[in-house]
Amino acid sequence: MNNEGMSLGEMLNNSNSNDFIYEKINFINELEPGTFVEIQGKLISKRIQNTKDGKNFLLLTIADKTGSLRGIDWFNPEKNEKINLGDIIKIRGKIVVFDSRLQINIDKNTDAVEKVPYEDIEENKFLVESKLDSNQLINKLKKYIDMINIEELKNSLNTIFFDSNLSNSYKNSPAAMSIHHAYKHGLLEHSLSVLNISLKICENYDYNLNKDILIAGSLLHDIGKIKEYKITKSGIDKTDLGEMIGHMNIGITLLEPFLSTVNEDIKNHIYHIILSHHGEIEYGSPVLPKTMEAMIIHFADNIDSKLVQIDQTIKDTINENPDSKWTNFEKRLGRKFKI
Ligand SMILES: [Fe+2]
Ligand SMILES: [Fe+2]
C-alpha cells in the first residue's frame, strides 16, 4: 500500500488497530509491505515534527545488521521521543511504502514501542561482520610481517599479533562504532588497507623511506581500539577507557611491554606514528606528523576511512531507495555524494 498523497486524516483512519496479529519478523530486510509486524531494531534517529495544523508526530529510524527502517508515530510521539538513541526497541505496526521506501506506521497502543531489556536482545542481530574472509586477512597480515627486515621488530610484531593477550582481540575488533569498518574484523581490514595504501605511496617516490616503519606503523596505528570499543549484543559500544583515554594513548600503553627489545629510535618512531596519525591537533592527535612515514600513514588512514564511509553511504542509500541519484546528506563529511 502506498500512503503518498494521503491527507493526515486518511492516514490516521488507515492506521493500525490492535485487532491485528503482529507477526514477529527477525530482520529488516525480510519486511514486506502491507504486513502487520513486530520488529526489533536499534534506535538510530528520532525527531518530533508537526503538521500544518499543529499536530505532533515522531519520525524515527531503527537499524539492524541488514538495513534501516523509517517509522512514523502519530499517537504517542512525546512518550516515545524519550527513548535514548542507541537503545534496542521493539516496534509494532504496519509496513507501508512511503516516498518509495518501506516505512512502519506505528500502532496506536502505548506499548507499540518499547525498550527491549538487555537479556531479551537477540544474539547476532546487530553486529555486522567484515565481508572479507578473516583467514585471508590473517594470511595477508603474516605476509606483511615477514617483509620486515629489522629482526627484533619482526619478532615483536609476531608476538603481538600471533602469541599474546592482544592477538585475538586485534583480529576481532571493529575499527569504529558506526562510521567506517564498524564491524567484527574491521580493525584488521582497515589496518591492512592502510598498509597497502602506504606501500603504494612509498613506491611512487624514490625517497629513502623506511618500509619496516611503514609496515609496523600501519598495523599498529589503531591498536588501542581493541580496548576503546567492546562488542555487545546490541552492537559496538565505547568503553570507559576509550572514552577517557582514547585509542592513541591506549595503544602506546599496550605496546610498551612488547617493544622493549626494539631500538629506541624505531620504537619512538612507531609511537610518533600512533600519536600523530589523526594529522591535526583538533582531530585528537597530540603531535603533528613530523616524518615522511608518519605523513604517509596519516594520509593513508584518511583515504581509507573516508572512502569506506562514502561507499557505505552509497550502499545504504541504494538499499533504502534503488532509484536514488544522490546519497542522503553525510553529516561527518558535510556533503551529499553522487551515486
Ligand atoms: Fe585512529
Ligand atoms: Fe585508522
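In the predicted model, His 278 touches Tyr 283, Gly 284 and Ser 285 when residues up to four places away in sequence are not counted. The residue is found in the loop between α11 and α12. His 278 counts as buried because 20 C-beta neighbours lie inside 10 Å, and a residue is buried if that number is 20 or more. Thr 239 is 39 residues away from His 278 along the chain, and the two C-alpha atoms are separated by 20 Å.

Helix α11, on one side of this loop, covers residues 264-276. Its 13 residues reach 18 Å from the first C-alpha to the last, close to the 18 Å expected at 1.5 Å a residue. Buried positions in α11 are Lys 267, His 269, Ile 270, Ile 273, Ile 274, Leu 275 and Ser 276. In an α-helix there are 3.6 residues a turn, so residues three or four places apart point the same way. The cover over the buried residues of α11 includes α7, α10 and α12.

These helices also contribute to the largest nonpolar core, which has 40 residues. At least two residues of this core are supplied by each of α3 (134-146), α4 (151-162), α6 (186-203), α7 (211-220), α10 (247-255), α11 (264-276) and α12 (292-320). The residues with the most contacts inside the core are Leu 157, Tyr 170, Ile 215, Ala 216, Leu 219, Leu 220 and Ile 297. For Ala 216, the contacts beyond its neighbours within four places in sequence are Ile 148, Leu 153, Leu 157 and Ile 270. Ile 270 is one of the buried residues of α11, and Leu 157 is itself among the core residues with the most contacts. Another core, of 14 residues, lies apart from the largest one and has Ile 62, Ile 72, Ala 112 and Val 113 among its members.

The domain assignment divides the protein chain into domain 1 (8-120) and domain 2 (134-320). Their C-alpha centres lie 39 Å apart. Contact between the domains involves 6 residues of domain 1 and 6 residues of domain 2. On the domain 1 side, the touching residues comprise 2 nonpolar, 2 polar and 2 charged residues.

An unreviewed UniProt entry lists residues 187-306 as "domain: HD". In the model, this span is 61% helix and 7% strand, and its end C-alpha atoms lie 15 Å apart.

Methods
Residues numbered from 1 in each chain as written. Chains lettered and ligands numbered in written order. Predicted model: local features only at pLDDT ≥ 70, side-chain atom pairs only at ≥ 80, totals over all residues. UniProt positions renumbered as here; feature names shortened; annotations may be inferred. Helix = DSSP H or I, 4+ residues; strand = E, 2+ residues; numbered from the N terminus. Core = buried A, V, L, I, M, F, W, Y, C linked by C-beta atoms within 7 Å. Buried ≥ 20, exposed ≤ 12 C-beta atoms within 10 Å, placed from the backbone. Contact = placed C-beta atoms within 7 Å. Domains from an automatic or database assignment. Nonpolar A, V, L, I, M, F, W, Y, C, P; charged D, E, K, R; others polar. Expected span 1.5 Å × (residues − 1).
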